[in-house]
Amino acid sequence: MRGWLLVKLAELEVEEIVIPLAGGNTPAVKSVSPNGLVPYLEHDGAQVWESLAIAEYCAELASDLWPADWAARAHARSIAAEMHAGFRALRLAMPMNLGRDYAGLGRTEESLHDISRIEAIWSGTRARFGAGGPYLFGAAFNAADAMFAPVVARFLTYRPELNQIALDYCNAVRAQPLVAAWYDLAAAEPPSWQLEKYESLA
Ligand SMILES: N[C@@H](CCC(=O)N[C@@H](CS)C(=O)NCC(=O)O)C(=O)O
């Protein structure tokens, strides 16, 4: 989701190759991607993997993916890097599955700790840089928002208790046209792509 959003935001001309995941170690992914994971981008002779590296690559071609102000840009890079490297407990307890209703599931001590840190990041960023629009840095949905989009998707599926700032932010991200398009694409996936371990949680 992150890589796709970033490439779309930067309007790169790419051929999309969709590989149904096996839930880890998918052979078709391993055979094409250097780290054996998606997202993986090939563009104009460059090979880029890891979503944060894809964010930086896309921002070289579309500089407005990071905020123009240097302090805001530093903050955006910091929270994007924190997201990229962290929140493992949240990821494990609330596996991403769009459009499901798993309200109340996945609330472990560790995942709730991650969630409160995310609330603090979103509240602090919105308070300092978010005037003028619903996203982390205001009116433009940028690379930091794209990096947090899968967190939003988890919150919409598992519905942990969130403060109003986080709830409003989740709704704004869900309504963003590219995010909405990703949800539509996910809803259109054939049932054979679904993984039982993620479908049997409710
Ligand atoms: N740190 C990597 C994480 C990528 C990752 O975990 N990708 C998962 C899907 S979201 C994957 O490729 N899984 C392979 C599989 O399920 O076979 C990034 O940010 O790009």
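Leaving aside neighbours within four places in sequence, which residues is Gln-47 in contact with? The first legend answers this, and the legends after it turn to other parts of the predicted model.

**View A. Gln-47 and its contacts in strand β2.** Strand β2 covers residues 46-49, and Gln-47 is found in it. Once its neighbours within four places in sequence are set aside, Gln-47 is in contact with Tyr-40, Leu-41 and Glu-42. With Tyr-40 there is a polar contact between the two side chains, at 3.4 Å. Gln-47 has a relative accessible area of 51%, which is over 50%, so it counts as exposed. Glu-161 is 114 residues away from Gln-47 in sequence, and the C-alpha atoms of the two are 40 Å apart in space.

**View B. The residues around the ligand.** The ligand is surrounded by Arg-2, Leu-21, Gly-23, Gly-24, Asn-25, Thr-26, Leu-37, Val-38, Pro-39, Glu-50, Ser-51 and His-84. Sorted by class, this shell has four nonpolar, six polar and two charged residues. The side chain of Thr-26 has an N or O atom 2.4 Å from an oxygen atom of the ligand. For Glu-50, an N or O atom of the side chain is 2.6 Å from a nitrogen atom of the ligand. An oxygen atom of the ligand also lies 2.6 Å from a polar side-chain atom of Ser-51. On its own the ligand has 510 Å² of accessible area, and the protein covers 72% of this.

**View C. The cis peptide bond between Val-38 and Pro-39.** Omega is about 5° at the peptide bond that joins these two residues, and the bond is cis. Pro-39 is placed in the loop between α2 (27-30) and β1 (40-43). Both Val-38 and Pro-39 are among the residues around the ligand.

**View D. Two residues with positive phi, Glu-11 and Asn-25.** Glu-11 is not a glycine, yet its phi is positive, at about 55°. Asn-25 is likewise a residue other than glycine, and its phi is positive, near 60°. The loop between α1 and α2 holds Glu-11, and Asn-25 is found in the loop between α1 and α2 as well. Glu-11 counts as exposed because its relative accessibility is 68%. Asn-25 counts as exposed because its relative accessibility is 60%. Asn-25 also appears in View B, as one of the residues around the ligand.

**View E. The largest nonpolar core.** This core has 57 residues, and those that touch the most other members are Leu-6, Trp-122, Phe-148 and Phe-155. Elements that give two or more residues to the core are α1 (2-9), α3 (51-61), α4 (70-85), α5 (88-93), α6 (109-129), α7 (143-158), α8 (164-175) and α9 (177-187). The most comes from α7, which gives 12 residues. Not counting residues up to four places away in sequence, Phe-155 touches Leu-90, Ile-115, Ile-118, Trp-122, Pro-160, Leu-162 and Cys-170.

**View F. Ser-111 in helix α6.** Ser-111 has a relative accessibility of 0%, so it counts as buried. Its side chain reaches the backbone oxygen of Gly-106 at 2.7 Å. Residues up to four places away in sequence are again not counted, and Ser-111 then touches Ala-89, Leu-90, Ala-93, Met-94 and Gly-106. Leu-90 is also one of the residues that Phe-155 touches.

Conventions: Residues numbered from 1 in each chain as written. Predicted model: local features only at pLDDT ≥ 70, side-chain atom pairs only at ≥ 80, totals over all residues. Heavy atoms only, no water. Near = heavy atom within 4 Å. Polar contact = N/O pair within 3.5 Å; in protein donor to acceptor, adjacent residues only side chain to side chain. Areas by Shrake-Rupley, 256 points an atom, 1.4 Å probe, with all protein chains shown as cover. Nonpolar A, V, L, I, M, F, W, Y, C, P; charged D, E, K, R; others polar. Core = buried A, V, L, I, M, F, W, Y, C linked by side-chain atoms within 4.5 Å. Buried < 20%, exposed > 50% of the residue type's maximum accessible area, 1.4 Å probe, protein only. Helix = DSSP H or I, 4+ residues; strand = E, 2+ residues; numbered from the N terminus. Contact = heavy atoms within 4.5 Å.
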